[in-house]
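Dear colleague,

I am passing on the structure we spoke about, and my notes follow below it. Please look through the coordinates alongside the text.

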Amino acid sequence: MKAVVCHAPGDVRVEEIDDPTPRAAEVKIKVVAVGVCHTDLNFTSGQVPVPYPIVLGHEAAGVVVEVGPGVSRVQVGDHVLCSIIGPCEHCFQCEHDDHALCENSPFFTGTMLDGTTRLSSNGSPIHTLHYQGSYAEYAVVPERFVVPIRKDAPLDVVCGLACGLSTGLGAAMVRAQVKPGSSVVVIGSGGVGLSTMMGAQFCGATTIIAVDRLANKLDKARSLGLATHTIDSSKSDTVAEVLALTGGRGADYGFDAAGANGTLDLIVAATRPGATCVVIGRALGLVEITLNTTALLRQRIVTGTYGGSILPRRDLPIFVDLFMQGRLDLAGILDTRYTLDEAPQALDDLHHGRITRGVIIL
Ligand SMILES: [Zn+2]
Ligand SMILES: [Zn+2]
């Protein structure tokens, strides 16, 4: 099959590799669409260590073509999303409904859950990005990461719910649980930031302030009807502007979808005492912060989310339904489609901010 293999930081190639076969509790999926996500850039740049060679891609939607022994929750022919959250459903965290923190789903090992590799090229092993490696014609994925969805949903749009779109929606709807009538500031107006605004709007936030350094991203936040206000942080004083828009008090909720040096500091300074601040993304492999304890003594909650803190089997079908009912404009966030051969270009376009949300269509 054809796959996009990262051999080393900066070395991404589209090539033929062996056709994979699912083992116990694994599902083989014919990939129909897969999102292009900033997280992939962490591995092509080498900022987050993974074993190479590795097949990239972690936002797949597709159709089940084969199941391994013991698979009971999906069947051949099912349309599915391959979530980045794969709860074992019996560890301490899963039993406390924190599926995103499952103790039996370690991040970025490059192997399958049993520690072995499932992909190969002429017999030599190739690793799998986050249990799916879906920049490929087929992906073998552990059953617990695979969520069936309704068959009338367009897979090119909903594939982003595997990671980026759910991360934003869930940050607002599940993690922060934004209250109606509230004010929200979001730093970073890419795909995750826009979906955070969409989640906040769905929850009834009435003031939604988008912050970015790129004018085209702010234009998109406004033209989609998500942001009530936009701030170009390369030109103006973000904190002063947010305070001016929120009665001098600061926003009720702040979301850091950029994850760059200094962005969380901005969020904390732009929110009111008692606010909730959520770290969603990271542009770099590692960003450290220093907070003045006064920010916390003023009862701000500074927290984070992985994957929007969703419970995939509960929330993904709900998000798909809301999209199909016209209540979440997920299609509006998507702006560029690529073929699998164009994957290196897609990653480069994302890295340089030329696209908001790309998808590879197979
Ligand atoms: Zn992603
Ligand atoms: Zn678990």
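On one side of helix H6, Asp219 and Ser223 are exposed, whereas Lys217, Leu218, Lys220 and Ala221 of the same helix, which spans residues 215-223, are buried. These buried residues cover an arc of only 155 degrees around the axis, and therefore lie on the same side of H6. In general, residues three or four places apart on an α-helix point the same way, because there are 3.6 residues a turn. Please keep in mind throughout that this is a predicted model.

What do the buried residues of H6 pack against? Their partners are two helices, H5 (191-202) and H11 (330-333), together with the strands S12 (207-212) and S13 (229-232). Just after H6, the chain reaches Gly225, which takes a positive phi of about 75 degrees.

The model also holds zinc ions, which I take in turn. For the zinc ion written as ligand 1, the protein donors are Cys37 (SG), His58 (NE2), Glu59 (OE) and Cys163 (SG), at 2.1 to 2.5 Å from the metal, and along the chain they follow the spacing C-x20-H-E-x103-C. The arrangement is tetrahedral because the 4 donor atoms subtend angles of 91 to 131 degrees, and all angles between 85 and 135 degrees are what that term requires of four donors. Of the donor residues, His58 is buried with a relative accessible area of 3%, and Glu59 is likewise buried, at 0% relative accessibility.

The zinc ion written as ligand 2 has as its protein donors the SG atoms of Cys88, Cys91, Cys94 and Cys102, which lie 2.3 to 2.4 Å from it. Here the 4 donor atoms subtend angles of 103 to 119 degrees, so this arrangement too is tetrahedral, and the donor residues are spaced C-x2-C-x2-C-x7-C in sequence. Among them, Cys91 sits in the loop between strand S6 (79-82) and helix H2 (92-95), while Cys102, 11 residues apart from it, sits in the loop between H2 and strand S7 (119-121); both Cys91 and Cys102 are buried.

Finally, there is a run of parallel strands to follow. Strand S14 (residues 251-256) pairs with strand S15 (residues 271-279) in the parallel sense over 5 bridges, with Asp256 bridged to Val279 in S15. Between S14 and S15 the chain passes through helix H8 (residues 263-270), in a β-α-β crossover that is right-handed. S15 in turn pairs in the parallel sense with strand S16 (residues 301-304) over 4 bridges, and there the bridge partner of Val279 is Gly304.

With best wishes

Terms used. Residues numbered from 1 in each chain as written. Chains lettered and ligands numbered in written order. Predicted model: local features only at pLDDT ≥ 70, side-chain atom pairs only at ≥ 80, totals over all residues. Heavy atoms only, no water. Buried < 20%, exposed > 50% of the residue type's maximum accessible area, 1.4 Å probe, protein only. Arc of directions from axis to C-beta. Contact = heavy atoms within 4.5 Å. Donors = N, O, S within 2.8 Å, 3.2 Å for Na, K, Ca; no water. Tetrahedral: all angles 85-135°; square planar, octahedral: opposite > 155°, others 65-115°. Pairing = 2+ DSSP bridges. Right-handed = clockwise from strand over helix to strand, strands pointing away.
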